[in-house]
Structures are given as structure tokens and as C-alpha cells.
Amino acid sequence: HRELPELFSMIASDRENRVMILTGTGDEFIGLGEGGPNPLAQGRIRPASWEQIIFEGNRLVLQLLEIDVPVICALNGPVTAHSELAVLCDIVIAADHAYFQDAPHFPGGLVPGDSMQIVWPMLLGPNRGRYFLLTGQKLYADEALRLGVVGEVLPAPEVLPRALELAAELATRNPLLLRHTRHVLTRQWKRAMNDDLHLGLALEGIASLSARHFGTDD
């Protein structure tokens with residue numbers, strides 16, 4: 001949340017880059033960590049801390065979209081938090097055991113922010129997107145392929161080699177072609193983020209701050 005925006009910014013500033021691959025380590029792409037009660041959902045975060053979270057959350061998405069070369073996601077496993085980082089990539093290659101889920105937000109007691117409210121209705125359609133967000137659905141790789149969320153599904157050991165193969169092919173192309181293609185492919189996302197990314201994060205914070213008073217007379 002804090003360091004990836006800085007990394008994305010540095011990658012975007014390096015004009016020698018031709019392609020970027022984003023992947024995870026271990027069995028998951030991004031998970032929920034150790035679990036347990038979520039202090040955000042319980043309203044135990046101060047307003048100043050929420051302001052920092054909103055600042056970071058905006059930059060996390062926007063700096064990824066500022067990278068002006070093709071971005072490939074090698075989805076090595078399940079992604080239960082910040083799935084926008086995977087599906088905002090231009091090409092998504094998923095391991096056959098991977099799945100998408102937005103576990104921390106509505107199922108965990110938070111308004112769908114972090115661009116979840118933008119990304120999934122755009123990818124799945126309004127009704128399926130809302131179902132995905134409100135029910136905590138696990139969208140498995142084979143279904144994600146059928147719905148057009150990912151481009152390929154492969155056995156886990158083949159995912160990164162395939163991403164590297166595609167990256168090598170793309171890197172042979174004219175650098176201006178690569179940058180300008182990325183530009184036209186991200187314009188729709190950037191417009192949507194400019195309209196609603198900050199709003200979603202702000203409403204997430206307001207609902208969070210009210211959580212400790214829910215069910216009381218205060």
C-alpha cells in the first residue's frame with residue numbers, strides 16, 4: 001500500500017523499460033495476511049490514518065496506470081485483496097488454481113473501495129459485478145477465462161515462463177508503439193478512476209469510522 005506506488009512511479013519514469021511483469025511469490029498473488037479482526041472494519045482507525053490510507057490507495061492504482069509500457073500479470077495464485085493490481089494489467093495469465101475475491105471490503109465490513117466498485121462492474125457487467133462484490137464470490141480461473149477477465153489459464157509452473165515469453169515478444173517492438181498502445185488501452189480506466197476512485201475510498205473511510213457506533217444509541 002505504501003511502497004508499491006513508489007515502485008510503480010520509478011518504473012513509469014524509466015524510459016528504457018519496454019514491458020513490465022507483475023507477479024507474486026509463494027502460493028498466493030495477494031492474500032489477507034494473518035487474518036483476524038480488521039481494525040478498519042471495526043472503526044478503530046483515526047481520521048488522520050484514514051486520510052493516509054486514502055492517499056496511498058489513490059496512488060496505488062493511479063501510479064500503476066501511469067506505467068506507459070505494456071504490463072503483464074503472471075497470476076501465480078489466489079488474489080483475495082487488491083485484485084485491481086492483477087486485472088488492470090494489459091495481459092493476465094492465471095494459474096489454474098487461482099481465483100479472484102474481494103474479501104476485505106463488503107464481506108469484511110467495508111464499502112467496496114480501492115477501485116473495486118469501478119473495476120469489477122466494468123469487467124463482469126453491472127449485475128454480475130455487484131453480485132461479486134456483495135457476496136464475496138470466489139471467481140475461479142476457468143470461469144474468469146470464460147468471462148474474459150484473464151487471457152490464459154495454465155498450470156502454475158508455466159505461468160511465469162509464459163509471461164516472460166510474451167514480454168520478450170513485446171519488447172522487440174518499436175518503443176513508441178509500446179508506449180502509445182499502453183496509453184490508448186488505459187484511457188478508459190483513467191477516466192473511470194478520475195471520476196470515482198477517490199469517492200469510493202472516502203466513503204469506505206466514512207463507513208469505517210461509523211462502525212464502532214453501529215447498534216448503539218450514540
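Contact here means heavy atoms within 4.5 Å. With that in hand, helix H5 of this predicted model is a handy place to start. H5 covers residues 126-135, and its buried residues are Gly129, Phe132 and Leu133. Looking down the axis of H5, these buried residues fall within an arc of 90°, so they line one face of the helix. What they pack against is a mix of elements: strand E4 (99-100), helix H4 (116-124) and strand E5 (139-140). Just after H5 comes glycine 136, which takes a positive phi of about 70°.

On to the cysteines. A disulfide calls for a pair of cysteine sulfur atoms within 2.5 Å, and by this rule the count comes to 0. Cysteine 73 is in no disulfide, its nearest cysteine sulfur being that of cysteine 89, 4.8 Å away. Seen from the other side, the closest cysteine sulfur to that of cysteine 89 is in cysteine 73, and 4.8 Å is too far for a bond. Cysteine 73 counts as buried because its relative accessibility is 0%. Cysteine 89 is buried as well, with a relative accessible area of 7%.

Cys89 turns up again in the second largest pocket, where it is among the residues that lie nearest the centre, along with Val87, Asp90, Ile91 and Trp189. The volume of this pocket is about 210 Å³. Strand E3 (91-95) and helix H8 (175-210) are the elements that give two or more residues to its lining, and H8 gives the most, with 4 residues. In the lining of 15 residues, the split is 10 nonpolar, 3 polar and 2 charged.

Note on methods. Residues numbered from 1 in each chain as written. Predicted model: local features only at pLDDT ≥ 70, side-chain atom pairs only at ≥ 80, totals over all residues. Heavy atoms only, no water. Buried < 20%, exposed > 50% of the residue type's maximum accessible area, 1.4 Å probe, protein only. Arc of directions from axis to C-beta. 1 Å grid on protein atoms, 1.4 Å probe; cavity = no way out; pocket = protein on both sides within 12 Å on 5 of 7 lines; lining within 4 Å. Points joined across faces, edges and corners; volume = space filled by probe spheres on them. Nonpolar A, V, L, I, M, F, W, Y, C, P; charged D, E, K, R; others polar.
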